[in-house]
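This report walks through a protein chain, beginning with the whole and moving on to its empty spaces and a few single residues. Please keep the sequence and the structure at hand while reading.

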Amino acid sequence: MRQERKLLRRRDEMVGSYEMVIYNGESLKIHVEEGLAGISKERFIASQLHDYVDSPNDRKVCCLYGLRGTGKTTMMLQEIERIGDYDKCLLLHCESGSSVMQMRKMIEAYPDSKYIFIDEATKAQNFISTASVLADRYAAEGKKIILSGIDSLGFALARKDELFDRIRFIHTTYIPFREQNELLGTGIMDYIRYGGVLSPEGVFYNKEQTREYSNSAIVFNIIHSLERWNQGRNNGILDGAVRRGDLPSYINKVLEYNNRQFLASIINSDFKSHDIGSLADLLTKSGSVDPECVQAIMYFLKELDVLCELPEKIGEPSYLFTQPGMRYSQAKDEAEALLNTDVFLDGKYTRTEKEKILDKLEQDISGHVLEDIVLYQAIQSAKELGGKVIASKYEPKTYVGEFDVFFADLKLRTACAVEVRLSDKQVEKQVRHLTNKQLCEAFEKEMGTEIQNKIVLYQGKSMFNPFQATVPEDKVLYMNVETFLKQPEQLMQVLLHGPVEE
């Protein structure tokens with residue numbers, strides 16, 4: 001087995017200095033062993049990478065696509081370990097200033113390498129405009145090309161240009177509760193507060209860490225990708241913001257505004273008759289950003305899997321954060337900032353009263369983040385189930401009340417209505433929407449389905465066996481939320497196929 005670890009360096013007056021690190025043979029084996037020390041479990045989506053590597057040649061490259069801290073580099077190293085033939089694997093690690101031409105030289109310098117892993121590929125200066133050669137030449141001749149990079153938006157832009165229809169994406173940003181629980185032993189409260197990255201110590205423990213992660217994983221991801229994409233071309237809608245250096249501020253304002261809307265909705269629902277309800281109006285005011293710029297930034301945030309637009313939504317779009325820890329941390333930071341507004345500084349509230357209000361807000365933030373977790377998981381699980389299974393929130397305009405989550409099978413014409421609660425106690429008011437006959441009838445008429453089951457997901461003990469049959473009409477069932485999130489597809493199918501009993 002060859003022992004190779006080369007460091008390619010060059011100095012050029014036009015581009016400065018850069019380097020590319022190459023691992024092959026024994027050096028790759030050592031690098032993999034060091035990189036995977038203490039890591040024994042794979043991400044659930046690793047099976048998609050196995051499928052790509054083991055499948056017949058489809059002339060495509062494969063991209064591990066997602067934000068920082070979601071396991072892309074680890075997945076690469078684990079796949080190399082699974083392949084096991086280190087002489088047939090080549091790992092290139094790019095730095096700023098490297099190029100696709102250098103990638104080609106290294107690939108051709110190791111002709112026996114069948115599996116080419118390129119980490120931080122988007123750092124290559126001309127990657128987006130010249131990446132097609134990786135598919136057209138090397139993937140076409142049977143080599144498996146696996147790419148990853150922190151500026152992941154660059155891959156989406158390359159798909160629209162050079163790699164159109166020649167790239168297979170494996171999305172890494174969304175880490176569901178069941179996966180984070182399996183990999184890190186995370187319980188639901190830790191998932192609410194810190195979930196979304198594969199780091200035992202987390203990156204959402206305080207506002208400074210959250211802001212640093214948001215800047216590096218999202219803001220500069222977009223900026224660096226656009227800089228590389230727009231070399232030699234017009235920047236379009238964001239041209240003015242790029243020229244003035246306003247784009248980082250604009251992206252942060254869009255993220256902050258989304259979280260402020262989230263917090264404002266909590267204040268409106270929980271403090272309607274309270275004089276701090278006026279804070280909701282304050283929260284939704286933001287600095288001026290051109291609406292077209294906002295639309296473009298929102299598009300990129302959805303492309304990065306940061307935001308998910310709710311389906312079946314009427315009126316103003318509503319969005320979920322796919323990383324609950326970021327949503328919780330930023331909303332909590334906004335709530336704490338409210339203590340410095342005029343409403344709290346006029347001496348009307350004692351320190352104890354302020355702390356009680358803040359505690360109430362933080363509890364409600366946790367509860368609403370939990371609703372979003374269940375809703376997004378239901379949406380993703382509905383896609384997995386295929387057919388005509390859908391999931392969303394139900395908020396009718398003409399009736400009082402809502403369903404936090406529903407999922408329905410439009411072919412079977414069945415549905416399940418769900419209330420999500422942070423509590424571990426059973427309280428009568430928790431079921432008031434689920435037992436509201438007018439609301440249920442309106443839902444069934446609008447959706448063309450019959451509600452088979454009504455479920456409260458909470459932190460207490462499950463009070464029924466979902467895999468048994470028949471329950472009295474209108475009976476509301478209580479299920480532990482972690483139980484649901486650990487096997488959502490199976491439970492959704494059971495709950496849609498007929499009533500279940502306690």
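A residue is called buried when its relative accessible area is under 20%, exposed when that value is over 50%, and partly exposed in between. With these words in hand, one can say that buried residues make up 52% of the 502 residues in the protein chain. The model is a predicted one, and every value below is computed from it.

**The chain as a whole**

The protein chain contains 20 helices and 14 strands. If one takes the contacts between residues at least 6 apart in sequence, 71% of them join residues at least 24 apart. The surface that the protein chain exposes comes to about 23000 Å², and carbon and sulfur atoms supply 47% of this area.

**Two empty spaces**

Rolling a probe the size of a water molecule over the atoms shows where empty space is left. The structure holds one cavity of 30 Å³ or more, and the space in this largest cavity is about 100 Å³. Among the residues that line the largest cavity are Tyr-174, Tyr-191, Phe-321, Arg-327, Asp-372 and Tyr-376. Two elements, α15 (324–337) and α17, give two or more residues each to this lining, and the largest share, four residues, comes from α17.

The second largest pocket holds about 650 Å³ of space. Its lining consists of 25 residues, and those nearest the centre of the pocket are Ile-45, His-171, Tyr-174, Gln-380 and Glu-384. Elements that supply at least two residues of this lining include α2 (46–54), β7 (167–171), α8 (177–184) and α17 (351–385). Here too α17 provides the largest share, which is six residues.

The table sets out the two linings by residue class.

| Lining | Nonpolar | Polar | Charged |
|---|---|---|---|
| Largest cavity | seven residues | one residue | two residues |
| Second largest pocket | eight residues | nine residues | eight residues |

**Residues in helix and strand**

Leu-385 is found in helix α17. Is Leu-385 buried, exposed or partly exposed? Its relative accessible area is 25%, and Leu-385 therefore counts as partly exposed, since the middle class lies between 20% and 50%. Residues up to four places away in sequence set aside, Leu-385 touches Glu-489, Met-492 and Gln-493. Of these partners, Met-492 is 107 residues away from Leu-385 in sequence, while the C-alpha atoms of the two lie 9.1 Å apart in space.

Thr-414 belongs to strand β12 (residues 414–420). Because its relative accessible area is 9%, Thr-414 is buried. The side chain of Thr-414 reaches the backbone oxygen of Leu-496 at 2.7 Å. Beyond its neighbours within four places in sequence, Thr-414 is in contact with several residues, including Phe-407, Asp-409, Thr-449, Gln-452 and Leu-496.

**Two residues with a positive phi**

Which loop holds Arg-413? Arg-413 sits in the loop between β11 (403–409) and β12, and although Arg-413 is not a glycine, its phi is positive, at about 60°. With a relative accessibility of 53%, Arg-413 counts as exposed.

Glu-120, which is not a glycine either, has a positive phi of about 55°. The loop that contains Glu-120 runs between β5 (115–119) and α5 (127–130). Glu-120 counts as buried, because its relative accessibility is 13%.

Notes. Residues are numbered from 1 along each chain as its sequence is written. This is a predicted model: local features need pLDDT of at least 70, side-chain atom pairs count only at pLDDT 80 or more; totals for chains, interfaces and linings use all residues. Side-chain values use heavy atoms; hydrogens and water are left out. On a 1 Å grid over the protein atoms alone, a cavity is a set of points where a 1.4 Å probe fits but cannot get out, and a pocket is an open set with protein on both sides within 12 Å along at least five of seven lines; lining residues have an atom within 4 Å of a point. Grid points are joined across faces, edges and corners, and a volume is the space filled by probe spheres set on the points. Ala, Val, Leu, Ile, Met, Phe, Trp, Tyr, Cys and Pro count as nonpolar, Asp, Glu, Lys and Arg as charged, and the others, Gly among them, as polar. Buried means under 20% relative accessible area, exposed over 50%, partly exposed in between (1.4 Å probe, protein chains only). A polar contact is a pair of N or O atoms within 3.5 Å; within protein, one must be able to donate a hydrogen and the other to accept it, and residues adjacent in sequence count only if both atoms are side-chain atoms. Contact means heavy atoms within 4.5 Å. Accessible areas come from the Shrake-Rupley method with a 1.4 Å probe; for residues, only the protein chains shown count as cover.
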